[in-house]
Amino acid sequence: MKPTFAKPGLPGTGVVVVFAVKGPTLLATGKKLDEKTGGILTRAMRGNRFDGSKGQTLDVLAPAETRLDRVLIVGLGKAADDIDDLAMQNLGGTIFTNVRRAKSGKAALALDTIPDSKLSVPNIAAQIAFGVRLRSYRFDKYRTKEKEDAKPSIKSVTIHCAGDANARKAYKTLDQIADGVFFTRDLVSEPANIIYPETLANEAKSLAKLGVKVQVLGEAQMKKLGMGSLLGVGQGSARESKLVVMEWKGGKQTKSKSDLPIAFVGKGVTFDTGGISIKPASGMEDMKWDMGGSAVVIGLMKALAGRKAKVNAVGVVGLVENMPSSTAQRPGDVVTSMSGQTIEVINTDAEGRLVLADALWYCKERFKPKFMINLATLTGAIIVSLGSRHAGLFSNNDTLAERIAEAGKAVDELMWRMPLHEDYDKMINSEIADMQNIGGRGAGSITAAQFLQRFVDKTPWAHMDIAGVTWSKTDAPTVPKGGTAFGVRLLDRLVTDYYEGK
Ligand code: BES
Ligand code: MN
Ligand code: ZN
């Protein structure tokens with residue numbers, strides 16, 4: 001559902017949304033409607049403890065003297081304190097959930113001038129629209145028997161405001177970001193019989209129409225490059241492993257160091273059974289979204305290309321299926337990574353780091369990027385540590401880590417920095433190889449990060465462990481339950497704030 005913008009004024013039928021600031025004080029359109037209806041809105045607010053607090057909503061049904069189905073009054077809070085980008089996005093999400101069942105299929109918002117607001121009306125309109133669109137996401141392609149009236153009936157949300165042309169313009173970029181978010185959510189939601197390395201690579205190829213250069217390496221090419229670590233994970237699967245390289249060249253094209261690309265690397269395990277170290281049956285279906293890191297990288301590249309970001313960015317995703325079979329790798333096998341370092345595979349379920357080891361090394365060798373950020377649903381231990389509000393952040397570079405954390409705050413995708421230390425690094429030393437793929441009992445997320453760090457050399461690098469935030473069991477204002485696409489908005493924001501045209 002794509003919201004649209006129009007000049008001030010409201011239709012006489014259907015659902016209309018008016019706003020009130022803390023008090024409650026209705027904005028101009030609400031006030032007018034209130035007068036016209038003999039004070040119905042005022043009476044409803046007073047009778048229902050509606051004081052205009054941020055996010056409060058109040059329904060007034062079929063008000064007399066009008067032909068409207070509903071008037072939804074929405075609280076903005078104290079204009080000077082409560083109105084910011086995030087709050088307006090959340091409000092948009094809340095409004096969407098309140099109007100999605102409108103029989104007329106239409107909702108019109110009256111966004112009047114808001115005294116004391118720091119944000120301009122067109123900007124507020126664009127942010128509300130962004131929230132509406134983000135919350136409207138639904139993955140329903142496999143629900144063939146759903147009744148028409150069980151589905152959301154809303155077809156259009158129109159925001160009426162002064163400066164609607166400016167609102168439209170501000171929203172355009174946000175809409176491209178939402179396209180990236182939706183692409184990621186779709187990919188994460190697809191089951192593993194539909195999305196496997198080859199089909200996921202094909203989805204990435206679709207970015208070519210936006211000007212992204214996409215290259216797909218198969219097993220033969222990866223073997224030639226010496227990617228024994230990644231290939232070992234996929235060797236038990238009937239599906240061929242793939243490595244996808246995406247390049248968006250929106251920045252200057254010179255040989256100068258300052259024009260080197262920034263790089264994003266994703267774990268793309270299209271299904272993680274655990275391999276021979278097989279997982280328990282209960283909840284294993286969740287492992288269809290073990291390609292979440294790669295989906296974020298692909299969605300991010302879509303957003304950057306869609307909005308024509310002035311940056312050179314590379315996306316590298318390692319795509320494998322981790323299956324048990326007679327050709328699967330065994331616990332105790334030793335593999336040689338592209339870096340030349342050897343790895344003893346103690347547990348075949350610690351496979352994400354094996355995939356990233358070669359993807360990170362390849363990315364670094366080929367592109368000499370300014371930095372590499374990898375995303376991975378890497379460890380269950382990060383869920384034990386942080387639950388599902390913050391994702392884990394590990395980095396060898398304080399500036400990069402701080403920028404990522406700041407960008408996360410700006411878009412409400414929160415990161416929590418975790419430590420790296422050589423004493424944790426020792427926990428993955430092996431008796432017979434350069435390292436083993438698991439540590440001891442404790443610090444599971446840290447030893448996983450230490451493992452990755454052995455494949456980045458001196459490159460500024462950050463690892464985002466998104467195992468706890470990739471899939472949500474509850475609705476949030478701009479993120480319906482299911483695939484969240486956590487990371488797309490954060491990294492887009494990181495690019496905007498620190499790396500575009502710089
Ligand atoms: N994909 C899992 C991590 C995971 C678990 C993601 C739950 C999302 C939800 C990863 O490949 C894995 O299996 N990690 C093991 C590592 C262990 C064997 C050292 C884990 O966390 O149990
Ligand atoms: Mn695993
Ligand atoms: Zn995994």
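These exercises work through a predicted model, from its metal ions to its helices and loops.

**Exercise 1. The manganese ion**

Task: Find which protein atoms are the donors of the manganese ion (ligand 2), and classify their arrangement.

Solution:
- Step 1. List the protein donors. They are D272 (OD), D349 (O), D349 (OD) and E351 (OE).
- Step 2. Check the distances. These donors lie 2.1 to 2.2 Å from the manganese ion (ligand 2).
- Step 3. Write the spacing along the sequence. The pattern is D-x76-D-x1-E.
- Step 4. Look at the angles. The 6 donor atoms subtend 71 to 166°, which makes the arrangement around the manganese ion (ligand 2) irregular.
- Step 5. Place two of the donor residues. D272 lies in strand β10 (residues 262-272), and E351 lies in the loop between β13 (342-345) and α11 (352-367), so the pair ties together parts that are 79 residues apart in sequence.
- Step 6. Check burial. Both D272 and E351 are buried.

**Exercise 2. The zinc ion**

Task: Do the same for the zinc ion (ligand 3), and find which residue bridges it and the manganese ion (ligand 2).

Solution:
- Step 1. List the coordinating atoms. They are K267 (NZ), D272 (OD), D290 (OD) and E351 (OE), at 2.0 to 2.4 Å.
- Step 2. Write the spacing. For the zinc ion (ligand 3), the donor residues follow K-x4-D-x17-D-x60-E.
- Step 3. Look at the angles. The 6 donor atoms around the zinc ion (ligand 3) subtend 78 to 175°, which makes the arrangement octahedral.
- Step 4. Place D290 and E351. D290 sits in the loop between β10 and α10 (292-306), and E351 in the loop between β13 and α11, so the pair ties together parts that are 61 residues apart in sequence.
- Step 5. Check burial. D290 and E351 are both buried.
- Step 6. Find the bridge. D272 bridges the two ions, which lie 3.1 Å apart.

**Exercise 3. Ligand 1**

Task: Identify which residues come nearest to ligand 1, and state how much of ligand 1 the protein buries.

Solution:
- Step 1. Count the surroundings. There are 17 residues around ligand 1.
- Step 2. Pick out the nearest. These are K279, D290, D349, E351 and G380.
- Step 3. Look for short polar distances. An N or O atom in the side chain of D272 is 2.9 Å from an oxygen atom of ligand 1. The side chain of D290 has an N or O atom 2.8 Å from a nitrogen atom of ligand 1. For E351, a polar side-chain atom lies 2.8 Å from an oxygen atom of ligand 1.
- Step 4. Work with area. Ligand 1 alone exposes 520 Å², and the protein buries 76% of that.

**Exercise 4. Two helices**

Task: Test whether the span of helix α4 (residues 85-99) agrees or disagrees with what is expected. Then describe how helix α15 (residues 444-453) is covered.

Solution:
- Step 1. Compute the span of α4. At 1.5 Å a residue, its 15 residues should span 21 Å. The expected span is 1.5 Å times one less than the number of residues.
- Step 2. Compare. The end C-alpha atoms of α4 are 21 Å apart, which agrees.
- Step 3. Look for buried residues in α4. Among them are A87, M88, L91 and F96.
- Step 4. Zoom in on G92. G92 lies in α4. G92 is buried, with a relative accessible area of 0%.
- Step 5. Turn to α15. This helix is mostly covered, with 8 of its 10 residues buried.
- Step 6. Take S445 in α15. S445 is buried, at a relative accessible area of 3%. The S445 side chain makes a polar contact with the side chain of T379, at 2.8 Å.

**Exercise 5. Backbone angles in loops**

Task: Describe the backbone at P24, E65 and D116.

Solution:
- Step 1. Start with P24. The peptide bond from G23 to P24 is cis, with omega near 10°. P24 lies in the loop between β2 (13-21) and β3 (25-26).
- Step 2. Move to E65. Its phi is near 75°, a positive value in a residue other than glycine. E65 lies in the loop between β4 (57-61) and β5 (67-77). With a relative accessible area of 61%, E65 is exposed.
- Step 3. Finish with D116. D116 is not a glycine, yet it has a positive phi of about 75°. D116 is placed in the loop between β6 (106-111) and α5 (121-135). D116 counts as exposed because its relative accessibility is 64%, and exposed means over 50%.

Definitions and conventions:
Residues are numbered from 1 along each chain as its sequence is written. Chains are lettered from A and ligands numbered from 1 in the order in which they are written. This is a predicted model: local features need pLDDT of at least 70, side-chain atom pairs count only at pLDDT 80 or more; totals for chains, interfaces and linings use all residues. Side-chain values use heavy atoms; hydrogens and water are left out. Donors are N, O and S atoms within 2.8 Å of the metal (3.2 Å for Na, K and Ca); water is not among the atoms, so sites may look incomplete. Four donors count as tetrahedral if all angles lie between 85 and 135 degrees; four count as square planar and six as octahedral if opposite donors are over 155 degrees apart and all others between 65 and 115; anything else is irregular. Helices (H or I, at least four residues) and strands (E, at least two) are DSSP runs, numbered from the N terminus. Buried means under 20% relative accessible area, exposed over 50%, partly exposed in between (1.4 Å probe, protein chains only). A residue is near a molecule or strand if one of its heavy atoms lies within 4 Å of it. A polar contact is a pair of N or O atoms within 3.5 Å; within protein, one must be able to donate a hydrogen and the other to accept it, and residues adjacent in sequence count only if both atoms are side-chain atoms. Accessible areas come from the Shrake-Rupley method with a 1.4 Å probe; for residues, only the protein chains shown count as cover.
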